[in-house]
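Welcome to a short guided look at a protein. Have the sequence and the 3D view open, and take your time finding each residue as it comes up.

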Amino acid sequence: MPEGPKERISEDILADRVKSWLSDQGYPLEMRAARIMREARIPVVQSDFYFDPEGGSYREIDLTARIRLQPMRHDLPVPSFLCPVIECKSSPGKPWVLFSGGVRLARAARLFQRFVPSQAFNYWHRFAMRVSKGPEGLEGLPLFEIEGDPAYSAVRTSLGKSREDAAYGAMVSVSKASLAVANKYNTPGRAALQVAVPVIVVDSPIFKCSLDSEAEPQLRQVSSGTIVWRNQVNGYGLPHSIIRVCHVSELTALCSDISITAKTLKREILANPWPGPDGN
């Protein structure tokens with residue numbers, strides 16, 4: 001039998017309810033972020049999975065990208081990749097606050113303190129020291145740059161009595177995922193140098209919070225910021241997890257940073273490739 005007006009209206013109402021539910025869950029933000037990255041020719045996987053050794057189970061991460069940094073040649077010891085790892089958090093009415101104050105990193109540490117395979121730790125340290133001391137420093141590596149007043153932590157506000165800690169959960173998740181991605185393909189006979197960079201994309205306002213001369217909190221709205229977080233994920237041997245927090249309106253700029261950084265890394269790593277686990 002043909003559909004009557006009553007059934008059609010009913011379906012329209014249901015579709016509207018599903019759309020409303022979807023917007024509350026954040027799925028559209030993940031889909032928008034993936035589309036923007038693909039339009040920038042950055043290969044991205046949605047709903048990727050990583051193994052969490054603490055929980056002993058697989059967990060989901062919203063987006064991962066894997067950008068090849070070396071041509072496919074038999075004379076190169078191991079392949080290399082730049083891997084942005086992205087967690088999307090949708091909460092338009094709940095601003096993020098990044099707490100600034102007292103964080104300082106040397107230029108080499110901005111590059112060195114990143115998620116790489118444990119076998120390549122010494123190589124990456126030497127690589128960071130060489131590149132940062134060169135005449136160009138970190139120029140050409142905007143994904144690894146840090147603003148003058150980075151944050152040491154963050155919170156997603158509720159503007160109410162709720163004490164949910166969604167920011168902490170997002171930072172833990174994206175850091176664990178980055179560590180897992182960096183080590184994902186490093187099994188005997190299958191080594192790869194992967195530099196994983198954790199990013200949180202939000203659709204809510206972002207504020208930097210600092211204290212003025214009278215020790216009163218001051219807020220300044222920003223489009224993105226960096227958290228230099230003293231949380232050693234899964235016992236990883238670095239003092240910080242460096243996480244970029246970015247508003248969705250800045251995703252095109254972030255994609256540009258990723259592409260420029262990948263181009264520079266291609267040149268630098270091709271000149272000084274990682275020899276593999278045995279060469280450290």
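Let us start with a cysteine: Cys 209 has a relative accessibility of 13%, so this residue counts as buried, since the cut-off for buried is under 20%. Please keep in mind that you are looking at a predicted model. Another cysteine, Cys 83, is buried too, with a relative accessible area of 0%. How many disulfides does a search of the whole structure find? The search comes back with 0.

**The whole protein**

Stepping back, you can find 6 helices and 11 strands in the protein. The chain has 280 residues, and buried ones make up 47% of them. Many contacts also bridge long stretches of sequence: among those between residues at least 6 apart, 70% join residues at least 24 apart.

**A covered strand**

Now find strand E7, which runs over residues 193-202. Is this strand mostly covered or mostly uncovered? It is mostly covered, with 10 of its 10 residues buried. In a regular strand, side chains alternate between the two faces of the sheet. You can follow this in E7: Leu 193, Val 195, Val 197, Val 199 and Val 201 point one way, while Gln 194, Ala 196, Pro 198, Ile 200 and Val 202 point the other way. Residues of both sets are buried.

Which strands pair with E7? One is strand E4 (residues 80-89), in the parallel sense over 10 bridges. Here Val 85 stands opposite Pro 198 of E7. Another is strand E11 (residues 241-247), also in the parallel sense, over 4 bridges. In that pairing, Ile 200 has Val 245 of E11 as its bridge partner.

**Two buried residues and their contacts**

Next, look for Ser 91 in the loop between E4 and strand E5 (96-100). Leaving aside neighbours within four places in sequence, Ser 91 is in contact with Trp 96, Arg 156, Asp 203 and Ser 204.

Asp 48 belongs to strand E1, residues 44-52. Not counting residues up to four places away in sequence, Asp 48 touches Arg 59, Glu 60, Ile 61, Asp 62, Thr 64 and Lys 184. Take Glu 60 from that list: Asp 48 and Glu 60 are 12 residues apart in sequence, and their C-alpha atoms are 5.8 Å apart in space.

Here are the relative accessibilities of four buried residues:

| Residue | Relative accessibility |
|---|---|
| Cys 83 | 0% |
| Ser 91 | 7% |
| Cys 209 | 13% |
| Asp 48 | 16% |

Why does Asp 48 count as buried? Its value is 16%, and buried means under 20%.

**A helix and a pocket**

Helix H5 covers residues 166-182, which makes 17 residues. From its first C-alpha to its last, H5 reaches 24 Å, close to the 24 Å expected at 1.5 Å a residue. H5 is mostly covered, as 14 of its 17 residues are buried.

H5 also helps to line the second largest pocket, which has a volume of about 230 Å³. Of the 12 residues in the lining, Tyr 50, Phe 51, Pro 53, Ala 180 and Asn 183 are the closest to its centre. Which element gives the largest share of this lining? That is H5, with 4 residues. Strand E1, the home of Asp 48, supplies at least two residues of the lining.

Conventions. Residues are numbered from 1 along each chain as its sequence is written. This is a predicted model: local features need pLDDT of at least 70, side-chain atom pairs count only at pLDDT 80 or more; totals for chains, interfaces and linings use all residues. Side-chain values use heavy atoms; hydrogens and water are left out. Buried means under 20% relative accessible area, exposed over 50%, partly exposed in between (1.4 Å probe, protein chains only). Two strands pair if DSSP finds at least two bridges between them. A disulfide is a pair of cysteine sulfur atoms within 2.5 Å. Contact means heavy atoms within 4.5 Å. The expected span of a helix is 1.5 Å times one less than its number of residues. On a 1 Å grid over the protein atoms alone, a cavity is a set of points where a 1.4 Å probe fits but cannot get out, and a pocket is an open set with protein on both sides within 12 Å along at least five of seven lines; lining residues have an atom within 4 Å of a point. Grid points are joined across faces, edges and corners, and a volume is the space filled by probe spheres set on the points.
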